[in-house]
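Please open the model in your viewer and keep the sequence panel visible. The tour begins at one residue and then widens to the whole chain.

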Amino acid sequence: MPRTTVPLTSFVSGEFSPKMDGRVDFQKYSSAVKKLENFLIHPQGAATRRVGTQFIAEVKDSTKKTRLIPFEFSTSQTYVLEFGDQYIRFYKDKGQILSGGSAYEIATPYLEADLFDIKFAQSADVMYIVHPSYSVRKLSRTAHTSWTLTEVDFTDGPYLADNLTSTTLTPGATTGSSISLTASASLFASTDVGRLVRFSNGYAKITAFTDTQNVTINILDDFDNTTATSDWKLGAFSATTGYPSCVSFFEQRLVFAGTTAEPQTLYFSKSGDYENMASGTAADDAMVYTIASNQVNVIRYLKTQRTLIVGTSGGEFTVSADGTNAAVTPTNVTIKRQSTYGSANVDAIAAGNSILFLQKAKRKIRELQYNFDTDGYVAPDLTILNDQVTTSGITELAYQQEPDSILWCVREDGQLAGLTYQRSEQVTAWHRHIFGGSFGNGNAVCETVATISGTLTEDELWVIVKRTINSTTKRYIECFSSFDFDETDATDFKFLDSHLSYSGAATTNISGLSHLEGETVSILADGATHADKVVSSGAITLDRSSTKVVVGLSYDSILQTMRLEGGAAEGTSQGKTKRISKVVLRLFETVGVKVGPSLSNLETVPFRTTSSLLSSPVDTLLAGDKTIEFRDDYNSDGFIFIKQDQPLPCSVLAIFPTVVTSDG
């Protein structure tokens, strides 16, 4: 029976689909894992336990679903916005912005059911917000507690195509407000209030509805005369025709797309004048362009790269100036189809030189990227190696550029899937994250995710998690703690979810925990684990006085290797009886890990000496090799499980199992 040591030196391929279990011939098999929960994969190959989440605040109304949206005024002025049922609240520096001792908020028209269909584009301190059922809004910031949400008052457009019927329009005057406008046949609807109308070299806004032939208007640009004319056109944005569902900036223009009446049409503002939609043939004029297609392709997202990327329900298109690098103008704009996968109604993400988008069935993430060999865009499937990670469907995407370039995906079942994405190094590694606590009889539910720029070394990752707390549904806004790979302070670990921290004089009484009322919480006291406690009246009593305490909900971090391949004298070791006699773990800044052949058969790796005090942190976190005698029977799999269930760090750099394989 050959005896060999199998080197598992990287986990850079992440969690594999069960469909890949037999692909021992595949180059990435040896760097993949079968199960990866609450571990991150670094582009360099290590697997590290994710940090916990810090409790920030409860949403305004925990009975209603809420969404987080980032707002970045500058690298140092970044906010997270809590969009709820007809309101916005604001967060900065991992805290809630208050005014007069209460949460600062402003009113919005958006209902709970509308929140996840909102799309947005930001320029400096103004964010344009679109939804197909609401007129375009802009959110403006002038100070931490000075925000305004207003309707955008577009200048001269955009409009539908020119009227081709015999119906005429007759204004009661050529200038002024509250002027009558009469149509020769039924034309208007009550939903036309707020809509623009252009004729006789002028335009106006409809301010009141009388009947289908009569409305009241405010004239914004004087008409030439009051003569009846059939040469007119109505505004493209209205409650009658729907409002834009997508928005983006492109070459100094603000671009809208995807109304109900014109789902394949793009509306470009004048160059450098974002709210002026006056179209024409001059280079800086606004323009309207409809994608030509033999089927209706509803536009789902707009993203800017080297060209304007237009994602539709039936395919992916690019907008450019006749395929050149020149600026787009009304006379040279060209739209070309690049692929036919189609997109779900979830905003895409720009990551490096790529656009990451969700395919229309909500189960595949594709990477749209320009390919010089084909002189076009290609869109490979990023879930091809783990189609199970998105089986439940994806509802939202967010991208965290620092420190490890991770795409975060909210799953419909409440898990948070992560994709470590480093295309230059061919790194696409999936990992899954299940938050501490529970909702009903299942796991806690992640409902939304957002990222904003934090420090120079790390972007902040924010989530809203739904749990059952003290028999009541609670939705908490939480922010992941700063990731410290080097773990420089052993008394400051943050590996608990919905946690709060105490630092001060030695005490046994920790209060301020009302958000975890009735919950069994895990505790780290002065860098050492502490017996669990139940929160009562918002407080717990420690068994020993401590000066630094972290209290929160525990979670398990689990890594399971693929079936071991190697060590057989006759070809492959797959399907052959084998036994792992020992395992060498190469760890970094780790303490308290467990190892074994199954989750029910784990052995705690010792990190303390017999003279170490259990109430004190381990003097030095391990950065090196740890040899473990592996208590396993002979079997044909050769799985290795690594688990961390204490509020302590764990980084696995490599695994070196010694395997004896029977070729008989």
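**A residue and its surroundings**

Select arginine 195 in this predicted model, and then display the residues that it touches. Leaving aside residues up to four places away in sequence, arginine 195 is in contact with Leu160, Ala204, Lys205, Ile206, Leu234, Gly235, Phe237, Ser238, Thr240 and Thr241.

Next, colour the chain by secondary structure and find where arginine 195 sits. This residue belongs to the loop that runs between strand 19 (179-183) and strand 20 (196-199).

Now add aspartate 192 to the selection. The side chains of aspartate 192 and arginine 195 are joined by a polar contact of 2.8 Å.

Switch on the molecular surface. Is arginine 195 buried or exposed? The relative accessibility of arginine 195 is 4%. Buried means under 20%, so arginine 195 counts as buried.

**The whole protein**

Clear the selection and show the full chain as a cartoon. The protein contains 55 strands and zero helices. Along the principal axes, its C-alpha atoms fill a box of roughly 100 × 65 × 40 Å.

Return to the surface view. The protein has 664 residues, of which 55% count as buried. The exposed area is about 26,300 Å², and carbon and sulfur atoms supply 46% of it.

Then select the charged side chains, giving each sign its own colour. There are 57 positive and 74 negative side chains in the protein, and the centres of these two sets lie 5 Å apart.

Finally, consider contacts across the sequence. Of the contacts between residues at least 6 apart in sequence, 61% join residues at least 24 apart.

Notes: Residues are numbered from 1 along each chain as its sequence is written. This is a predicted model: local features need pLDDT of at least 70, side-chain atom pairs count only at pLDDT 80 or more; totals for chains, interfaces and linings use all residues. Side-chain values use heavy atoms; hydrogens and water are left out. Helices (H or I, at least four residues) and strands (E, at least two) are DSSP runs, numbered from the N terminus. Buried means under 20% relative accessible area, exposed over 50%, partly exposed in between (1.4 Å probe, protein chains only). A polar contact is a pair of N or O atoms within 3.5 Å; within protein, one must be able to donate a hydrogen and the other to accept it, and residues adjacent in sequence count only if both atoms are side-chain atoms. Contact means heavy atoms within 4.5 Å. Accessible areas come from the Shrake-Rupley method with a 1.4 Å probe; for residues, only the protein chains shown count as cover. Lys and Arg count as positive and Asp and Glu as negative; His and the chain ends are not counted. The place of a charge is taken as NZ of Lys, CZ of Arg, CG of Asp or CD of Glu.
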